[in-house]
Number of protein chains: 2
Amino acid sequence: MVESGVEAYAVPGFLANGIHVGIKEGGRKDLALIFSGAPAKAAGVFTGNCFKAAPVLLDMERIKEGMAQAILANSGNANAATGQEGYKDALAISRGISEKLRIRDELVLVASTGVIGNRLPIKKIEASMGRLVEGLHTNGIPDAEEAIMTTDKFPKIASRKGMAGSKEVTLCGIAKGAGMIEPSMATMLAFFMTDADIDHHTLNTIFRQAVNKSFNAITVDGCMSTNDTAIILANGVAGNNPLKRPSRHLTIFKEMLFSVTSYLAQSIVRDGEGATKLIEIVVEEARSTGDAKKVACKVANSNLVKTAFFGGDPNWGRIVSAIGSAGVLLTVDAVCIYLEEIPVFAGGRGIADGEKRLSEIMDKTDIRLRISLGMGNKKFRLYTSDLSFDYVKINAHYHT
Amino acid sequence: MVESGVEAYAVPGFLANGIHVGIKEGGRKDLALIFSGAPAKAAGVFTGNCFKAAPVLLDMERIKEGMAQAILANSGNANAATGQEGYKDALAISRGISEKLRIRDELVLVASTGVIGNRLPIKKIEASMGRLVEGLHTNGIPDAEEAIMTTDKFPKIASRKGMAGSKEVTLCGIAKGAGMIEPSMATMLAFFMTDADIDHHTLNTIFRQAVNKSFNAITVDGCMSTNDTAIILANGVAGNNPLKRPSRHLTIFKEMLFSVTSYLAQSIVRDGEGATKLIEIVVEEARSTGDAKKVACKVANSNLVKTAFFGGDPNWGRIVSAIGSAGVLLTVDAVCIYLEEIPVFAGGRGIADGEKRLSEIMDKTDIRLRISLGMGNKKFRLYTSDLSFDYVKINAHYHT
């Protein structure tokens, strides 16, 4: 189980803080800092968008070194589509915070989320850095989370503890989501802090696996962000024997990581813009995982499917239509579709009876859709949300 | 110019009719028949969806012969995902109408649109065939159009006349759209009638070209239907010298065809479910037409872009983000984005000033977006609609 409570979110050797500096309106927190007392092993996964935001470009360069000590993140402004100036802005706030923290500038990672296309208000940020650093505290991770939220309705934070030999290790993750959420990479921002001592190559490998099974397996609106960033810092303060594969201790740590990333990814979908439902889509018996993912994404991103889920309408014909348009080789007669335990389509035709039970299923807030392609033995699991009036409302006027 | 008026829609040698037989509720017309006194050259383009509806499967087989004499089309029921029984239903209504019309059964094409997954009420259809045939008349094409509409708010019908040598030739087209509209193939149903005498191979070639530039260049919701069907019948009654390429007369006819298909395709977008705006997206300076189309589709189908257009919000950052996620090789600094005549993005950064003019543009009902990739000399033009509350409203409860 994922642990909760402010104290459970503290990770030995890490300090954090989140404050309001005036990037967002209304006094809401908008600048976060996560700091490890010791340089930490670092791994990151970033957006596949060609138009990578300035902080993403900077982090991708710095993460190659494999070490980091601080993450400075802001909400309210994405510092994307800001050209060379935007990159210089990212460098400037990194330099500012590294001086205050008295660490090597190259050990700072930066992240931004919010509106695309505006310059960062770096004066405001720099003027508040003293206050941000002075306020760093061991229970500050929830404050940092609050400061990276944009249209999120609730904070996304999760923690796990486990044993690595005789030493207890802690892992805590925070994320923000809401809009521009699609596989590869899905979350806009997610940061993970652990005191585990782990080999850098191993950390990198298992972090990528965890991200692929979680943040790269969710979609809210099919829109890939310019700023998607997932970073993990492991500072080794727990003093365990360094984790390398394969080992039982690594398996435990991996399990902790997977449960935290999965929990946060599902939280992002549950809090998708305007979402009223969480829909799990399992595509199985595919020829390849790629095929399974293509079908899952096509169904998950179909506005007709999403609006049917919003309306509680068991309109499985739209699911059939979406599957058929995924660009995957199919034998129509081999495809079966299940809504929870009820088969609704098989042998090329609808076989649903019991409309009442189907309506009951569609009225739930958590719904499971299973699609069996009958072509092989590969599968993919994806989580998505429905498409509601509120999605339109939130996004028709976000910018202005 | 496209001609209008009931008489302009008559095509020599063609009769048509549309009546209510009880497939749809509320007395609305739901069964259409188009009939050519003489067997006509026929060409068709059909959905790329793997789950092709029964009438599509039947037509694809029959159109190979290159000749047809009647199109029987219904709305209110798609006869899709109905298995072998659905195919037999399509055969049965074809046989019924061919007997009434006293023509070879193989010369009948059928088309259906509406809810997926229910069997056709063939008894109701067969019982009304006598009335349908008796009511055939020279000015019946608008009635046929009315009978193929589903959530369409207005009929889509267009006609052109032109000279082929000393003979006048007429072309009339009808279409229905509204939802499940995406390139390849976009329209759900479109039928074209002409009295031109034209070589079959030539007809097939220019019809495919026309469809690619019109119905395959629009998107409303990115959902590909199981029933998309576009058919043209050319009965040769005009008595012109048969059109073959290349010739001036063929060029004139092609121009007539392109203008009618373009007009109908744009009408479909304008009447897209919940649409309040028609957005023309031109992607130019691409390495290939395929690249240009990929970028255009990604932007057109982005819910964030579509809701911004609905809200009248010049949020070009979302356009940038969509372009970058299209999976096309890009040089970020080479991309330029224009909203009408105003450049908003170039050199990797936003360059918009004059927010007032941008807001004026976004308030219009017809908006032109131009994206120059700076990578080559290929282009693609696409029409799309915005995403509004009404799209959600219409689709949350369409089925039940």
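Axes here are lines fitted to C-alpha atoms, for helices over the stretch in contact, and angles between them run from 0 to 180 degrees between N-to-C directions. Keep that in mind for this predicted model.

Start where two helices from two chains meet. Helix α12 of chain A covers residues 389-396, and helix α9 of chain B covers residues 303-311. Their axes lie 8 Å apart and make an angle of about 70°. Angles of 65 to 115 degrees count as roughly perpendicular, so that is the label for α12(A) and α9(B). The crossing of α12(A) past α9(B) is right-handed.

Which residues make this contact? From α12(A) come A:Val392, A:Asn395 and A:Ala396. From α9(B) come B:Leu304, B:Thr307, B:Ala308, B:Phe310 and B:Gly311. Sorted by class, 5 of these residues are nonpolar and 3 are polar, with no charged ones.

Now step back to the two chains. A turn of 180° with a shift of 0.0 Å along the axis lays chain A on chain B, with an RMSD of 0.0 Å. The two copies are therefore related as by a two-fold rotation axis. In chain A, A:Phe389 has the C-alpha nearest the axis, 2.7 Å from it. Both copies use the same surface: 96% of the contact residues of chain A recur in chain B.

How many residues are in contact? There are 54 in chain A and 52 in chain B. On the chain A side, α2 (83-101), α9 (303-311), α10 (316-324), β13 (349-350) and α12 each supply at least two residues. Helix α10(A) gives the most, with 7 residues. By class, this side of chain A has 24 nonpolar, 26 polar and 4 charged residues.

Next, look inside chain A for a sheet. Strands of a sheet pair through backbone hydrogen bonds, either parallel or antiparallel. In chain A, 7 strands form an open sheet with mixed pairing, in the order β8-β15-β10-β14-β11-β12-β13. Strands β8 (218-219) and β13 of chain A stand at the edges. Each has a single partner strand, so one side of each has no neighbour in the sheet.

Take one pair of strands. β10 (residues 278-286) and β14 (residues 366-372) of chain A pair in the parallel sense over 7 bridges. In one of these strands, β14(A), A:Arg368 is the bridge partner of A:Glu280.

Helices pack on this sheet too. Helix α8 (residues 289-300) of chain A touches β8, β10, β14 and β15 (378-385). The direction of α8 makes about 20° with that of β15(A). Helix α10(A) touches β11 (336-339), β12 (342-346), β13 and β14 of chain A. Its direction makes about 140° with that of β11(A).

Note on methods. Residues are numbered from 1 along each chain as its sequence is written. Chains are lettered from A and ligands numbered from 1 in the order in which they are written. This is a predicted model: local features need pLDDT of at least 70, side-chain atom pairs count only at pLDDT 80 or more; totals for chains, interfaces and linings use all residues. Helices (H or I, at least four residues) and strands (E, at least two) are DSSP runs, numbered from the N terminus. Angles under 35 degrees count as roughly parallel, over 145 as roughly antiparallel, 65 to 115 as roughly perpendicular and the rest as oblique. A crossing is left-handed if the near helix is turned anticlockwise from the far one by less than a right angle, and right-handed if clockwise. Two residues are in contact if their C-beta atoms, placed from the backbone, lie within 7 Å. Ala, Val, Leu, Ile, Met, Phe, Trp, Tyr, Cys and Pro count as nonpolar, Asp, Glu, Lys and Arg as charged, and the others, Gly among them, as polar. Copies are superposed by least squares on the C-alpha atoms of residues with pLDDT of at least 70 in both. Two strands pair if DSSP finds at least two bridges between them.
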